Amino acid sequence: MTTLQHPAPAGGMGDIDGRAAWLRMVVCLALATIGGAGMWSMVVVLPAVQAEFAVERAAASLPYTAMMVGFAAGNVFFGRAIDRFGAALPLAAAAVMLSSGFAVASLSASLWQFLLVQGLLIGLGSSASFGPLLADISHWFVRRRGIAVTGVACGNYVAGALWPLAMQPMLEAGGWRFAYLMIGLICLVTMLPLCLMLRRRLPEAANDAGAGVPGAGLLSAGMSPATLQGLLIVAGIGCCVAMSMPQVHIVAYCVDLGFGVARGAEMLSLMVGAGIVSRLVSGVFADRIGGARTLLIGSAGQMLALFLYLPFDGLVSLYVVSLVFGLAQGGIVPMYAIMVREYMPAREAGARVGTVIMATIAGMALGGWLSGAIYDMTGSYQAAFLNGIAWNALNLAVICFILWRSRPRNLTRTMA
């Protein structure tokens with residue numbers, strides 16, 4: 001068995017993997033969970049928004065699309081800002097955008113006003129609670145970087161479990177507008193103090209702790225950073241087009257099979273819950289075998305689950321396959337952040353992680369639409385599952401190519 005042993009941080013860098021690093025991880029996880037309201041709130045209020053503005057379901061879904069566009073762009077914007085200014089200031093600005101977005105959205109007089117606010121304020125504001133946070137926490141860990149990054153990434157899933165529940169009493173008390181106003185207030189009073197706790201920055205030399213070569217990653221991919229970035233973008237799109245098939249369409253698939261909406265919602269919840277476990281376990285694996293190999297395992301598991309959806313369409317078997325799918329896919333996206341830190345200069349982590357995360361979001365958006373279009377053409381989800389498998393194969397091919405070209409740089413290997 002081959003284990004990667006990261007060198008100990010140099011003198012004067014004792015905060016790396018230390019108490020300050022773990023405290024920062026807890027703060028980042030809290031910010032990710034609170035900021036995740038931007039992604040999940042629209043899902044909860046969609047029926048109420050549709051009824052109030054008297055529009056079709058497709059039109060009522062556009063604000064969610066606008067939010068995702070803003071979320072994707074914001075990962076790059078705030079990632080670059082964190083590279084330049086550190087975490088506290090950009091995250092505080094994002095928190096103000098997010099909280100003011102909820103407040104302004106609660107006053108929207110038309111669907112189009114609501115849509116613009118969802119994209120320009122809520123989407124952009126909430127984006128800082130994912131990719132940029134993953135990039136920031138990656139600087140504070142070497143030996144436990146995998147578990148730290150995936151731990152913070154769990155905030156997005158925890159938000160999906162907590163915010164819909166927290167919004168129910170708000171909705172009952174005053175409707176969706178009151179709920180949005182209260183969410184904005186909660187985000188403001190909780191996120192700003194947390195952002196202030198991230199004011200400290202590590203010395204520049206510490207950002208490349210474990211690399212041995214200042215400004216270089218732990219591994220050499222045998223290609224330029226731009227080429228590697230392009231490959232990671234392709235891989236991110238491929239895995240998430242495949243990932244979106246069950247996540248976006250499992251409820252509709254269950255309805256087609258006669259099991260109803262409730263069973264499909266339960267399977268979706270099962271995927272999300274298993275995804276949290278998957279992220280944490282993937283972090284442990286990444287600390288031992290590296291991000292690329294861990295991503296390869298997760299992607300292969302996801303592809304297997306997609307294959308299993310083809311022959312098994314009974315109720316019990318769908319629960320089992322959905323559990324397998326969640327356990328496979330949950331750790332995939334955070335591995336891109338870890339790979340960026342393994343292969344690329346630390347000073348570029350925010351921008352490069354944000355760019356790859358943007359690609360994964362684009363993959364989810366493309367895959368959700370593409371699966372629906374294939375269903376419309378064929379009248380069945382079987383071809384849509386096959387389409388997901390093909391995109392998943394592209395992801396596997398790219399990761400295998402990166403691993404084939406990789407070679408260790410200043411790593412100590414021990415054989416067990």
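How many aromatic pairs does the count come to? I get 13 aromatic pairs in this model, which is a predicted one.

**Entry 1, rings.** I started with F114 and Y180, a tilted aromatic pair at 5.8 Å centre to centre and 40° between the planes. F114 sits in helix α5 (residues 111-127) and Y180 in helix α7, so this pair ties together parts that are 66 residues apart in sequence. I looked up the burial of both rings: F114 has 0% relative accessibility and counts as buried, and Y180 is buried with a relative accessible area of 0%.

Next I turned to Y253 and Y381, an edge-to-face pair at 5.7 Å centre to centre with 90° between the planes. Y253 belongs to helix α8, while Y381 lies in the loop between α13 (349-378) and α14 (382-405), so the pair ties together parts that are 128 residues apart in sequence. Both Y253 and Y381 are buried. I also followed the ring pairs onward and found Y253, Y309, F325, Y375, Y381 and F385 linked into a cluster.

**Entry 2, a histidine in α8.** I stayed with Y381 and asked what touches it from α8. H249, placed in helix α8 (residues 225-256), has Y381 among its contacts, along with S244, G368, S371 and G372, once residues up to four places away in sequence are set aside. Is H249 buried or exposed? I find H249 buried, because its relative accessible area is 9%, against a cut-off of under 20%.

**Entry 3, the core.** I noted 109 residues in the largest nonpolar core, and L31, Y180, L232 and I402 have the most contacts inside it. Helix α7 (residues 145-196) gives the largest share of this core, 16 residues. For L31 I listed the contacts beyond four places in sequence: L91, S129, L133, M191, L194, C195 and L198.

**Entry 4, the surface.** I then looked for nonpolar side chains on the outside. V277, V281, F285, I297, L323 and L327 make a nonpolar surface patch of about 500 Å². The elements giving two or more residues to this patch are α9 (261-289) and α11 (315-329), and α9 supplies the largest share, three residues. I checked F285, which is in helix α9; F285 is partly exposed, with a relative accessible area of 42%.

**Entry 5, the whole protein.** I closed with the overall figures. The protein has 14 helices and four strands, and 55% of its 416 residues count as buried. Of the contacts with a separation of 6 or more, 85% are between residues 24 or more positions apart. The protein exposes about 16400 Å², with carbon and sulfur atoms supplying 70% of it.

Technical notes:
Residues are numbered from 1 along each chain as its sequence is written. This is a predicted model: local features need pLDDT of at least 70, side-chain atom pairs count only at pLDDT 80 or more; totals for chains, interfaces and linings use all residues. Side-chain values use heavy atoms; hydrogens and water are left out. Buried means under 20% relative accessible area, exposed over 50%, partly exposed in between (1.4 Å probe, protein chains only). Contact means heavy atoms within 4.5 Å. Patches are made of residues with over 30% relative accessible area and no salt bridge: like charges are joined within 9 Å, nonpolar side chains (Val, Leu, Ile, Met, Phe, Trp, Tyr) within 5 Å. Accessible areas come from the Shrake-Rupley method with a 1.4 Å probe; for residues, only the protein chains shown count as cover. A salt bridge is a side-chain nitrogen of Lys or Arg within 4 Å of a carboxyl oxygen of Asp or Glu. A nonpolar core is a set of buried Ala, Val, Leu, Ile, Met, Phe, Trp, Tyr and Cys residues joined through side-chain atoms within 4.5 Å. Rings of Phe, Tyr and Trp (its six-membered ring) pair if their centres lie within 6.5 Å; planes under 30 degrees apart count as stacked, over 60 as edge-to-face and the rest as tilted.
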